[in-house]
Amino acid sequence: MGLLTNRVERNEIKLGDHIYTYRAVFAYSHHGIYLGGSKVVHFRPKRNLNSSTESSSDVYDSMSCSTTPDCGFRQPNSGVVLSCLDCFLKNGSLYCFEYGVSPSVFLAKVRGGTCTTAASDPSETVVHRAMYLLQNGFGNYDIFQNNCEDFAMYCKTGLLIIDKEGVGRSGQASSVIGAPLAAILSSPLKLLMPSPVGVATVTAGMYCMSRYATDIGVRTDVIKVAVEDLAVNLGWGSDHEEEITEDDDSDSLITQITG
C-alpha cells in the first residue's frame, strides 16, 4: 500500500483485515472484515422483512452466488451480513484500510475512510468481534453515526464513541462534514487573501485538520468496549434480543462458517 492508494491484491489480504471497495464510480466506499476463505462480514441497512417490495440495493442478493452456499447469511432483521469476497466487491477493486498510521500520513491521505492513527487489535480478536456481531447485530444503520466503516473500525479496535450526538468513527462521514465546514470557515479569508491559491490552501488545511480531529486515534471521547457489552453501551432494547433468538439454527450455522 502506498501514500496515494491502499489498493491490494486478493493474495495480500490476511485474516482480520479491514477491507473496502468503492461504489458508484468512487462516490463512496463499502467496508467489511475479511474472515479468510474468501468470506467477508459487513454491515448494511436492515432489510424490511415485512415489505414485499425490496430494492436490490437494500438486500444482499445471495441467490446469484453459486460459489458460497452461506453467502448472504444474516440474522432476522439484522444489518450484519456474511458474503463471499466476489459479492462484496461487486466487480470493484480491493483496498485495505490502514491502522496505526502517523499523523503526517493521515493528513496526507486527502480522502477520508482509508486509514486511522488508532492501532488494531490482534486478528483473532477482530474476527471474534465480527462473528459475534454477525450473530447479535450491530444496532441500527446510520450513515453518519453507525455505518459499515464504523462497524469495521469497531471490530478492529473495540473503540466506541461516548458522544452519541457527534460524528461516528467513520472517516467518510468526517470528510462529508469537514469539507463544507472548511469552506465556510475559510470564506472570511477571501477578504484578506487576494490570491485564490492562498484561500484554497487554507481551506484544504482546515479540511485535513477537521478530519484529523475526528479520528478515533486522537479523540478523547472514546472508550474500549468488549463486544459482549456492546448492546448495553449502545442502548439496544430487549426487542433486539428477542429477534436474535428467533432462529434456533443460527449458532450451528455460524459454527460451520468459522469451522
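**Salt bridges**

I searched the whole structure, which is a predicted model, for salt bridges and found seven. I then looked at some of them one by one.

I began with D17 and K14, whose side chains meet in a salt bridge with an N to O distance of 4.0 Å. Is each partner buried or exposed? I noted D17 as buried, since its relative accessible area is 10% and the cut-off for buried is under 20%. K14 is exposed, with a relative accessible area of 53%, and the cut-off there is over 50%.

Next I looked up D121. A salt bridge joins D121 to R129, and their closest N and O atoms are 2.7 Å apart. Both D121 and R129 are buried. For D121 I have the value: its relative accessible area is 16%, so it falls under the 20% limit for buried.

Which other residue forms a salt bridge with D121? I found K224, with the closest N and O atoms 2.9 Å apart. This pair links distant parts of the chain, the two residues being 103 apart. K224 belongs to strand β7 (residues 222-224), whereas D121 sits in the loop between α2 (103-108) and α3 (123-136). Through shared partners, the salt bridges join D121, R129 and K224 into one network. My side note on the chemistry is that side chains of opposite charge can pair when their charged atoms come close.

**The sheet and strand β4**

I traced the open sheet next. It holds five strands in the order β4-β3-β2-β1-β5, with antiparallel pairing. Why is one side of β4 and of β5 left without a neighbour in the sheet? Both β4 and β5 (95-96) stand at the edges, and each has a single partner strand, so one side stays unpaired in the sheet.

I then checked β4 itself, which runs over residues 80-84. The strand is mostly covered, and five of its five residues are buried. I sorted its residues by side: V80, L82 and C84 lie on one, V81 and S83 on the other, and all are buried. Both faces of β4 are therefore covered. For reference, side chains in a regular strand alternate between the two faces of the sheet.

The pairing of β4 with β3 (residues 39-43) is antiparallel and runs over five bridges. I looked up two of the facing positions. V41 stands opposite L82 in β4, and K39 stands opposite C84 in β4.

**A nonpolar patch**

On the surface I noted a nonpolar patch of about 280 Å², made by Y141, I143 and F144. I placed Y141 in the loop between α3 and α4 (148-157). Y141 is partly exposed, with a relative accessible area of 30%.

**Confidence**

I finished with the pLDDT values. The protein chain has a mean of 77, and 65% of its residues reach 70 or more. I marked two stretches where the pLDDT is below 50. One is residues 48-63, which has 25 contacts in the model beyond near neighbours in sequence. The other is residues 176-193, with 22 contacts counted beyond near neighbours in sequence.

Terms used
Residues are numbered from 1 along each chain as its sequence is written. This is a predicted model: local features need pLDDT of at least 70, side-chain atom pairs count only at pLDDT 80 or more; totals for chains, interfaces and linings use all residues. Side-chain values use heavy atoms; hydrogens and water are left out. Buried means under 20% relative accessible area, exposed over 50%, partly exposed in between (1.4 Å probe, protein chains only). Helices (H or I, at least four residues) and strands (E, at least two) are DSSP runs, numbered from the N terminus. Two strands pair if DSSP finds at least two bridges between them. pLDDT is the predictor's confidence in each residue, from 0 to 100. Contact means heavy atoms within 4.5 Å. Patches are made of residues with over 30% relative accessible area and no salt bridge: like charges are joined within 9 Å, nonpolar side chains (Val, Leu, Ile, Met, Phe, Trp, Tyr) within 5 Å. Accessible areas come from the Shrake-Rupley method with a 1.4 Å probe; for residues, only the protein chains shown count as cover.
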